Amino acid sequence: MKWLFIASIGMLLALNASAARKPRTPALQFNPNSGVKASLTMPDGRVVNYAAYTRLYFVTNIEDSTYQYMNVFVPEGATQQTPIFLRTYVGGYMASQAGGPQAEDASGRALAEGYVLVIPGSRGRSSTVKRGKETFYTGRAPKALLDLKAAIRYLRHFDRLIPGNTEKIITDGTSAGGAMSSLLGATGNNPAYEPLLKAMGAADGRDDVFASVCYCPITDLDHADMAYEWLYGNTDSRKSLPESKRALTKELAAQFPAYINSLGLKKPDGTPLNADNYSEYIKQIIICSAQEAKDAGADIADSLGFTFSAEAAFQAPINGGVGLTRQEGRAGENPPMMRGRGERVGEYITGLDMDRYLNYIVSTQPLKDVPAFDSYNVDGAPASGENGEFGNERGSDVNFTAWAAAKAGGALSEEVRENVRLLNPMRFIGEGMTSIAPHWYIRHGARDRDTAFPIAINLATKLENAGVEVNFKLPWNRPHSGDYALNELFSWIAEIVK
Ligand code: DHB
């Protein structure tokens, strides 16, 4: 009996000692008393007061302390019911350090609207850490997305301590950041990311969001080259390329119809959107965009390829008199009050010569090379940023489409294939394991040539077909840019959070 007692004590001591030796993972931290008061002066002079909670590390296994934290800004008057606006500053698939609110962009505007503002940092294709003397790239796909998901889980983890309604998280980003925003909306709670998040020490729990705002998302990277050459392949600029590049353009463009048809998309009227009618569909969206701008007073030059109705505007009768009727032989001319502003004849845009319009886009900014995205070692081309995004810890550039890998004399590894999937929102919409955001705001400028129109159109259409609300436009004459027309954005947000 005595021996048994002594043995038991010994075992307990041994257990305690091993527990003491094992380093305990530190828990996630949030101190509700750590807020620092500050203010932001908006462009109209209005001053917004808020409390800043900064350097909130959202994982426990911090790999890169420069990027894996976020800042939270709580405006005066915010409650647990206040929507949360999460702005990622990811650009170029690069790392992004958490900063502060900017009066000129959507972050400051969100604060001024009274929303809780969250700015997470995230690792990117450029970020490195030192292990001993060696340098490792630890931010390559899908690490930025994982960091952003971890930030969202952190908000839910401390839901009761941090003001703001985690059921009303609205994400916003531009370009690669727009891609991140689309991924946050399209991959909520998807189990594919779970083991990766666990390994990082992200909080357990949900990472779905309420709304995704995506400005010019550079996404669907594995189909971006075929879409680009399909759209721009017949522009004068492409026609003047050497024969070897022309051949690549042709090969890539030829892959696009099968891809479009594989998506099984439907137009808003329920009829199929496919390779046969896709060009016409784009044309109609561009015409709508130009018409909206024209209605708002913009001068749309017919030199861009537009044609206008012969009908001129009708001039209202003055003081009960008879309105100015069109004079004989002057049909199609605008009435006097509309002349002199470069106003085109006719109120309505009736057609668009797409070849001419695409050449106009290229005249404002040269196209990317061929291939535009997965270029590494294809016909001697250098690596793109995207090749870096799918690179490995050693900083190598890597092909991410089977076509380019074959051209470069290699093949895709399973690991790269999976990383490409994890970074493509199109793979997750309607896939069944995802809590998809119920609200979407997608913009791609009508002269943005950083990626082809079909990338944004397919994303918006697939989402609409999945039954979520999508506010989508190719805004007139916008180049590759974001956080514009903030009145329009924030009116939409006010509607959806009601
Ligand atoms: C961005 C722009 C690009 O043209 C691209 O290929 C990737 C990212 C950007 O601005 O984030």
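This passage walks through the ligand site of a predicted model, followed by two helices, some aromatic pairs and a few backbone details.

The model is predicted, so local features are reported only at pLDDT of at least 70 and side-chain atom pairs only at pLDDT 80 or more, whereas totals for chains, interfaces and linings use all residues. Residues are numbered from 1 along each chain as its sequence is written, and side-chain values use heavy atoms, with hydrogens and water left out.

A good place to begin is the ligand. Its surroundings are made up of Gly91, Gly92, Ser175, Ala176, Ile218, Lys368, Phe373, Glu386, Asp450 and His480, where a residue is near a molecule if one of its heavy atoms lies within 4 Å of it. Sorted by class, this shell has 3 nonpolar, 4 polar and 3 charged residues. In this sorting Ala, Val, Leu, Ile, Met, Phe, Trp, Tyr, Cys and Pro count as nonpolar, Asp, Glu, Lys and Arg as charged, and the others, Gly among them, as polar.

Polar contacts (pairs of N or O atoms within 3.5 Å; within protein, one must be able to donate a hydrogen and the other to accept it, and residues adjacent in sequence count only if both atoms are side-chain atoms) connect the ligand to its shell. The side chain of Ser175 places an N or O atom 2.7 Å from an oxygen atom of the ligand. For Lys368, a side-chain N or O atom is likewise 2.7 Å from a ligand oxygen. Ala176 takes part through its backbone, with an N or O atom 3.1 Å from an oxygen atom of the ligand. On its own the ligand has 290 Å² of accessible area, and the protein covers 80% of this; such areas come from the Shrake-Rupley method with a 1.4 Å probe, and for residues only the protein chains shown count as cover.

Ser175 deserves a second look. This residue sits in the loop between β8 (165-174) and α4 (176-186), where helices (H or I, at least four residues) and strands (E, at least two) are DSSP runs numbered from the N terminus. Its phi is near 65°, a positive value in a residue other than glycine. With a relative accessible area of 13%, Ser175 is buried; buried means under 20% relative accessible area, exposed over 50%, and partly exposed in between (1.4 Å probe, protein chains only). Asn189 also has a positive phi, near 60°. Asn189 lies in the loop between α4 and α5 (194-200) and, at 24% relative accessibility, counts as partly exposed.

Two cis peptide bonds can be described here. One runs from Ala141 to Pro142, with omega near 5°, and Pro142 belongs to the loop between β7 (134-137) and α3 (143-157). Another joins Val370 and Pro371 with omega of about -10°; Pro371 is in the loop between α10 and α11 (385-389). Helix α10 (residues 354-364) contains Thr364, which is partly exposed at 32% relative accessibility. The side chain of Thr364 reaches the backbone oxygen of Ile361 at 2.6 Å. Thr364 and Arg447 are 83 residues apart in sequence, yet their C-alpha atoms are 8.1 Å apart in space.

Aromatic pairs number 21 in the structure. Rings of Phe, Tyr and Trp (its six-membered ring) pair if their centres lie within 6.5 Å, and planes under 30 degrees apart count as stacked, over 60 as edge-to-face and the rest as tilted. Trp230 and Tyr278 form an edge-to-face pair because their ring centres are 5.7 Å apart and their planes meet at 80°. Since Trp230 lies in helix α6 (residues 221-232) and Tyr278 in helix α9 (residues 278-295), the pair ties together parts that are 48 residues apart in sequence. Trp230 is partly exposed at 21% relative accessibility, while Tyr278 is buried at 0%. Ring pairs also link Phe30, Tyr53, Tyr154 and Phe158 into a cluster.

Helix α6 is largely enclosed by the rest of the structure, because 11 of its 12 residues are buried. Among them are Leu221, Met226 and Tyr232. Its end C-alpha atoms are 17 Å apart, in agreement with the 16 Å expected for 12 residues at 1.5 Å a residue; the expected span is 1.5 Å times one less than the number of residues. Helix α14 (residues 453-465) has 13 residues, and its expected span of 18 Å agrees with the 18 Å between its end C-alpha atoms. Here 11 of the 13 residues are buried, so α14 is largely enclosed too; Phe453, Ile457 and Leu463 are among the buried ones. Just after α14, Gly467 takes a positive phi of about 95°.
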